[in-house]
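Work through the following exercises with the sequence and the model side by side. Each one sets a task and is followed by a solution in steps.

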Amino acid sequence: FDQGLEAAAVGGTAGAAFGAVTSAWVAKPVVGQNTGAMLLNTAGNVARSGGMLAGASAVYAMTKCMLGAARHKDDPLNSAAAGMAAGLVLGVRGRLPQAIVG
């Protein structure tokens with residue numbers, strides 16, 4: 001469980017940084033009348049990206065640990081199944097049925 005929390009923290013931080021950079025790059029914020037709206041938009045992008053990556057990272061780490069404990073093995077199959085579970089989370093979050101079904 002601790003590895004899942006750690007992965008969520010790292011993933012959330014990386015996602016938040018990605019969201020901040022994306023907002024600054026794409027939105028090209030300009031100080032003026034819409035500064036408040038731009039800050040809210042940036043905060044929303046940071047929160048969405050951070051939350052999405054934190055969730056996928058936590059699912060990956062927890063699935064890998066649970067499979068290792070259940071199977072009493074630490075092999076590439078655990079990582080592959082955990083990657084599929086994380087991809088499922090991203091597909092559901094992005095509403096991409098083709099990513100879920102295959």
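**Exercise 1. Place W25 in its helix and describe the surface around W25.**

Solution. W25 belongs to helix α1, which covers residues 2-27; helices here are DSSP runs of H or I with at least four residues, strands are runs of E with at least two, and both are numbered from the N terminus. The model is predicted, so that local features need pLDDT of at least 70 and side-chain atom pairs count only at pLDDT 80 or more, while totals for chains, interfaces and linings use all residues. Residues are numbered from 1 along each chain as its sequence is written, and side-chain values use heavy atoms, with hydrogens and water left out. The next step is accessibility: W25 is exposed because its relative accessible area is 64%, where exposed means over 50%, buried means under 20% and partly exposed lies in between, with a 1.4 Å probe and protein chains only. Finally, W25 joins V21 and V26 in a nonpolar surface patch that together has about 370 Å² of accessible area. Such a patch takes residues with over 30% relative accessible area and no salt bridge, its nonpolar side chains (Val, Leu, Ile, Met, Phe, Trp, Tyr) being joined within 5 Å, whereas like charges are joined within 9 Å.

**Exercise 2. Determine whether S57 is buried or exposed, and find what S57 touches.**

Solution. Begin with the location, which is helix α2, residues 35-71. S57 counts as buried because its relative accessibility is 17%. Setting aside residues up to four places away in sequence, S57 touches A7, A8 and G11, a contact being heavy atoms within 4.5 Å. The C-alpha atom of S57 is separated by 9.9 Å from that of Q3, although the two residues are 54 apart along the chain. The side chain of S57 also reaches the backbone oxygen of L53, at 2.8 Å.

**Exercise 3. Carry out the corresponding analysis for T63 and M38, both in helix α2.**

Solution. T63 is buried because its relative accessible area is 18%, and, leaving aside neighbours within four places in sequence, T63 is in contact with A81, A82 and A85. M38, by contrast, is partly exposed, since its relative accessible area is 23%. From M38 to A24 the C-alpha distance is 9.8 Å, with their positions 14 residues apart in sequence.

**Exercise 4. Compare the expected and actual span of helix α3, then list the buried residues of α3.**

Solution. Helix α3 holds 18 residues (76-93), and at 1.5 Å a residue the helix should span 26 Å; the expected span is 1.5 Å times one less than the number of residues. The end C-alpha atoms of α3 are 26 Å apart, which agrees. Its buried residues are N78, A82, A85, A86 and G91.

**Exercise 5. How many salt bridges does a search of the whole structure find?**

Solution. The search finds 1 salt bridge, defined as a side-chain nitrogen of Lys or Arg within 4 Å of a carboxyl oxygen of Asp or Glu. The side chains of D75 and R71 form it, at 2.9 Å from N to O. D75 is partly exposed because its relative accessible area is 24%, and R71 likewise counts as partly exposed, at 29%.

**Exercise 6. Summarise the protein as a whole.**

Solution. The protein has 4 helices and 0 strands, and buried residues make up 22% of its 102 residues. Among contacts between residues at least 6 apart in sequence, 61% join residues at least 24 apart.

How values were computed: A polar contact is a pair of N or O atoms within 3.5 Å; within protein, one must be able to donate a hydrogen and the other to accept it, and residues adjacent in sequence count only if both atoms are side-chain atoms. Accessible areas come from the Shrake-Rupley method with a 1.4 Å probe; for residues, only the protein chains shown count as cover.
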